[in-house]
Amino acid sequence: MVTLYEHPLSPYAQKVKIALREKSIAFDLKMPDAIGSGQSGGDFMDANPRGEVPALIDGDVAIFDSTIILEYIEDKWPATPMLPAAPAARAHARMIEEVCDTHYEAINWGLSELTYFRRAEGPLGEKLREKATDQIEMLHDWLTRQLGTADWFNGASFGWADLSVLPYIAGSSGFGIAPDANTPLGKWFARARARDSVAKTLAEAGNAASAMETVSDIVKQGLFKREYRDHRLEWMIRSGGIDVVIEGLEKKNIRFSNDFK
Ligand SMILES: N[C@@H](CCC(=O)N[C@@H](CS)C(=O)NCC(=O)O)C(=O)O
């Protein structure tokens, strides 16, 4: 039986769950203890020394990083392929995934720092939110060009590119920044949400969102150190939030990537 370490709000875990559900592969879900605090341990840390979800366990095989997990799933269970057949279309799907996992994710992460973790209130918070809104609208324009006149980012059918975009569009929609329903991207979003794999995965995220109401207090008590890694740290600094980083360092409630051990 496949076990997936996850958090329902993690876009990276959502990609993997959608792929497993599209391929009808049975799996168990596990949420690592102390996920998000930098204090996780046990089997989870053995599976992913980065201390990040998702991590997939398949018998004695343990895999981390969502893209590598998706490739393992595609290799091991090739029926209902998620990747398109043509080399150019495969590269296109992977480029879309890369852009969403880095540029788009960092902006949604920034919005969660503002909304759930209350990192910057008042004028600085407003300025960072405006930046995020502009950046997401630009990404929606780019994604609309990638979609073109097709029904799916993958082309004629739902696949790798679509499950790579969906968690981020859904994530920013949760912050009130959604594509207009009458636009090609809005119509794609409605089509995608009608799929069982997507509806189930977003329902799990919705159930988890309510638990986020209390997390800012846990951060203030220093019990939770938010991970300010690579694209996320860059987003906060380049969007004008250097003071958020400095305050986080002073209050010891942010952290960077783990040492590898
Ligand atoms: N590149 C990784 C990124 C995974 C990642 O950043 N996961 C976040 C959740 S969205 C995490 O577990 N962070 C650890 C933490 O916040 O403690 C992937 O694609 O799987």
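What follows is a short look at the packing, the one cavity and some backbone oddities of this structure. The model is predicted, so local features are kept only at pLDDT of at least 70 and side-chain atom pairs only at pLDDT 80 or more, while totals for chains, interfaces and linings use all residues. Residues are numbered from 1 along each chain as its sequence is written, and side-chain values use heavy atoms, with hydrogens and water left out.

The largest nonpolar core (buried Ala, Val, Leu, Ile, Met, Phe, Trp, Tyr and Cys residues joined through side-chain atoms within 4.5 Å) has 57 residues. Here buried stands for under 20% relative accessible area, exposed for over 50% and partly exposed for in between, with a 1.4 Å probe and protein chains only. Touching the most other members are Tyr104, Leu143, Phe153, Val165, Ile169, Trp188 and Met236. Helix 4 (residues 87–115) is the top contributor, with 10 residues; helices (H or I, at least four residues) and strands (E, at least two) are DSSP runs numbered from the N terminus. Beyond its neighbours within four places in sequence, Phe153 has contacts (heavy atoms within 4.5 Å) that include His92, Leu143, Val165 and Trp188. A separate core of 6 residues has Tyr5, Ile35, Phe44 and Ala55 among its members.

Helix 1 (residues 11–22) spans 16 Å from first C-alpha to last, close to the 16 Å expected at 1.5 Å a residue, where the expected span is 1.5 Å times one less than the number of residues. This helix is largely enclosed by the rest of the structure, because 12 of its 12 residues are buried. Charged names turn up in that buried list too, including Lys15, Lys17, Arg21 and Glu22. Ser24, which follows helix 1, has a positive phi near 55°.

Ser66 sits in helix 3 (residues 66–76) and counts as buried at 3% relative accessibility. Sequence neighbours within four places aside, Ser66 contacts Tyr12, Lys15, Val16, Pro54 and Asp101. Pro54 is itself worth a look: a cis peptide bond joins Val53 and Pro54, with omega about 5°, in the loop between helix 2 (42–47) and strand 3 (55–58).

Most residues other than glycine have a negative phi, and most peptide bonds are trans. Asp65 has a positive phi of about 80°; this residue is in the loop between strand 4 (61–64) and helix 3 and is partly exposed at 27% relative accessibility. Thr80, with phi near 50°, is in the loop between helix 3 and helix 4.
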